[in-house]
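Colleague: I'm new to this structure and would like a close look at one part of it. Please pick a place where there is plenty to see, and then work outwards from there.

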Amino acid sequence: MNAILKVEGLKVEFEHPLGAVKAVDDVSFALLPGERLGLAGESGSGKSTMALSILRMIKPPGRITGGRVSLDGIELSALDHEGIRRLRLAGIAMVPQGSMNSLNPFIRIKAQFADAFRDHGLKLTSAELETRVAELLRTVGLPPHVANLYPHELSGGMKQRACIAIAICLRPKVIIADEPTSALDVVVQRQVMETLARVQRDLGCAIILVGHDMGLMAQFVDRLGVMYAGRLVELAPIAEIITRPRHPYTQALISSLPSLEKRGAMQGIPGLAPLLRDLPPGCAFHPRCPQAQARCHTEKPAVREVAPNQQAACHFA
Amino acid sequence: MTPLLEAKHVTKRYGTNTALSDLSMSIDTSKPAITAVVGESGSGKTTLARMILGLVPPSEGQVLYQGQDMARLSGAQRREFRRDIQAVFQDPYEVYNPFYRVDHVLTTPVRNFNLASSRAEGRTMIENALRAVGLRPEEILGRYPHQLSGGQRQRIMVARAVLMKPKLIVADEPVSMVDASLRATILTSLRKLTDEMGISIIYITHDLATAYQVSDNILVMYRACVAEAGAVERVVKHPQHPYTQLLISSIPQVSTTRDWLDDEGDQKTAATPSPHGCRFVERCPVAMPKCSTTLPPLYRTEPARAAACFQHEASPELPNGTLNEVLTPAPS
């Protein structure tokens, strides 16, 4: 099957007085049509920067310094400003983190949809807009009268669903959801993720889910990529990741999740995530790695195929 | 023995909104334990914490500190209260003044409460407190807040609490803003305070999984009322209140069994809520007609457990004010 989204050797750097900081360092992966891919990692691992750089939404002092991103065969770096603007939402849509801050507080929900349609050259009569919005709201399980409300009149879960409705209004091929439920309580989280799963099935689009909750990843995605210090250190089908993680960091991420089965089974990852401008030599994870050997202190492990469909950047994977 | 702290039939209203309804419990520090208070936003868990800390007065009922009404403490008693009971708040960014080195939050209490007789002794106390929460003093002291991670900053707040040699720490969502990988480390250091230093902890959270990992007892709150309470192992493994059951089934687990999304989950029922009925009736899959009209009391279903649900009507009622009977001290 041909990939719908292809990321090859993507690099993002941030200017810093002490030298450039590599926030995304040579990341490659392919997203299949209809696939749910997860990107996991700690804060500062580069997962959100990665997501933003796909849409070329990196702001100075950050810039994309290398690599290619293509959607359905179209190279995104070849597009001009106008081309990329048209592609956002229509081709690749984003469900941002903290939905409460991403809606315009001054206008009604309906008007936020109208903005999106107008910006993409769709001229709708107010009756047409009314029907489209009601239909989209119904898809995400919201009653039609929500169209006439302001964001502050909605609960957190309703706002997040409204954001999903906006994200799908132009039937994108890919949805990037950056920690879409991190501000919600568990019961509402499941409802929102159910909604996201349903609209994805109906639309047949692919999803990239960015987050750090391995439980959520285990239950939602088909494949998982694990990021550490700007690199994709493991990429494999989710069942493989859970039953046989190849990278020690993936293993540590799983163990840090509190279990409901056994008390005292929760273990933190020792040490701290490294500073990107001052990475340790060799494997960036070696100071925190329980399995580190002499070789890991000097030699940076390359990303390699450790099993069919499974890649990892560890000398011992 | 007079308990350190006692809440007697406390209710807190904000306008027409009841944030906490008729809760009684006491904290007896001769038997230290971690008690988790779990619930969604609006369940009353933070109101409870703020009342215990003396930050808001109850609308009805009393909070007693060593048998004395909190509103009528003398200056000396208030000072003692400020030492005995310490708080750790949610946001490890907002509690620091960015212009001061982090040492400031540690040296200020030492000075204000005359904890040390000399500068050197104060320094030793601070270093010991930092080590107690798993930090290396040489990596922390002399730094500014922006030079430290969220996890380090939150552990400094725990160290600050430890410095006061308190009897009780109220931790309100202490790990919700730090990375999943650091949560375990912070919670483990809280657990050590109870096990090794005999400090009782009230752990306020919306995260049932971390509550299960760290606490001895649990109170599950729903819309201002206690839905279920008891020993954490029993409550989590065999929840008896439909709300606790819903909470537990909503947590996504790392497992190759993928049933989380297919689950029917939260369903609205036809039952109509009334101000006198069970708060959970609109979302309850097993609601009975009487649930809409009568508020279920807590039924003591097991020695160390009570649930406020008419499904357990056959069990004896737990008389209001005796919630502590189902809470157990930490195993020693």
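Modeller: I'll start with one side chain at the chain contact, then move on to charged pairs and aromatic rings. A bit of housekeeping: this is a predicted model, where local features need pLDDT of at least 70, side-chain atom pairs count only at pLDDT 80 or more, and totals for chains, interfaces and linings use all residues, while side-chain values use heavy atoms, with hydrogens and water left out. Residues are numbered from 1 along each chain as its sequence is written, and chains are lettered from A and ligands numbered from 1 in the order in which they are written.

Find Gln219(A) in helix H8 of chain A, residues 214–220. Helices (H or I, at least four residues) and strands (E, at least two) are DSSP runs, numbered from the N terminus. With 5% relative accessibility, Gln219(A) counts as buried; buried means under 20% relative accessible area, exposed over 50%, and partly exposed in between, using a 1.4 Å probe and protein chains only.

What does the side chain of Gln219(A) reach? One target is the backbone nitrogen of Asp259(B), at 3.5 Å, and another is the backbone nitrogen of Trp260(B), at 3.3 Å. If you count contacts (heavy atoms within 4.5 Å), Gln219(A) touches several residues of chain B, including Pro252(B), Ser255(B), Arg258(B) and Leu261(B).

Now zoom out to the whole interface. There, 43 residues of chain A are in contact with 44 residues of chain B. Buried area is the accessible area (1.4 Å probe) that two parts lose on being put together, summed over both. Between chain A and chain B that comes to about 3600 Å², with carbon and sulfur atoms giving 58% of it. Our Gln219(A) shows up again here: along with Arg190(A) and Leu260(A), Gln219(A) loses the most area to chain B, and together they make up 25% of what the chain A side buries.

A polar contact is a pair of N or O atoms within 3.5 Å; within protein, one must be able to donate a hydrogen and the other to accept it, and residues adjacent in sequence count only if both atoms are side-chain atoms. Between chain A and chain B, 12 residue pairs are in polar contact, both residues at pLDDT 80 or more. For a salt bridge, you need a side-chain nitrogen of Lys or Arg within 4 Å of a carboxyl oxygen of Asp or Glu. Across the interface there is one salt bridge, and it pairs Arg258(B) with Asp222(A), with the closest N and O atoms 3.7 Å apart. On the side of chain A that touches chain B, the elements giving two or more residues are helix H7 (186–203), H8 and helix H9 (238–243). H7(A) has the largest share, eight residues.

Stay with the charges for a moment. Side chains of opposite charge can pair when their charged atoms come close. The whole structure has 33 salt bridges over all chains. One of them joins Glu40(B) to Arg283(B), with the closest N and O atoms 3.5 Å apart. Glu40(B) lies in the loop between strand E3 (34–38) and helix H1 (45–52) of chain B, and Arg283(B) in the loop between helix H10 (242–249) and strand E11 (299–302) of chain B, so this pair ties together parts that are 243 residues apart in sequence. Both Glu40(B) and Arg283(B) are buried.

Last stop: the rings. Rings of Phe, Tyr and Trp (its six-membered ring) pair if their centres lie within 6.5 Å; planes under 30 degrees apart count as stacked, over 60 as edge-to-face and the rest as tilted. There are eight aromatic pairs over all chains. Tyr228(A) and Tyr249(A) have ring centres 4.5 Å apart and planes at 55°, so that pair is tilted. Tyr228(A) sits in strand E9 (residues 223–228) of chain A and Tyr249(A) in helix H10 (residues 248–255) of chain A, so they tie together parts 21 residues apart in sequence. Tyr228(A) counts as buried at 4% relative accessibility, and Tyr249(A) is buried with a relative accessible area of 0%. Tyr249(A) also pairs with Phe285(A), this time edge-to-face, at 5.2 Å centre to centre and 70° between the planes. So these ring pairs link Tyr228(A), Tyr249(A) and Phe285(A) into a cluster.

Key
Lists of a residue's contacts leave out its neighbours within four places in sequence.
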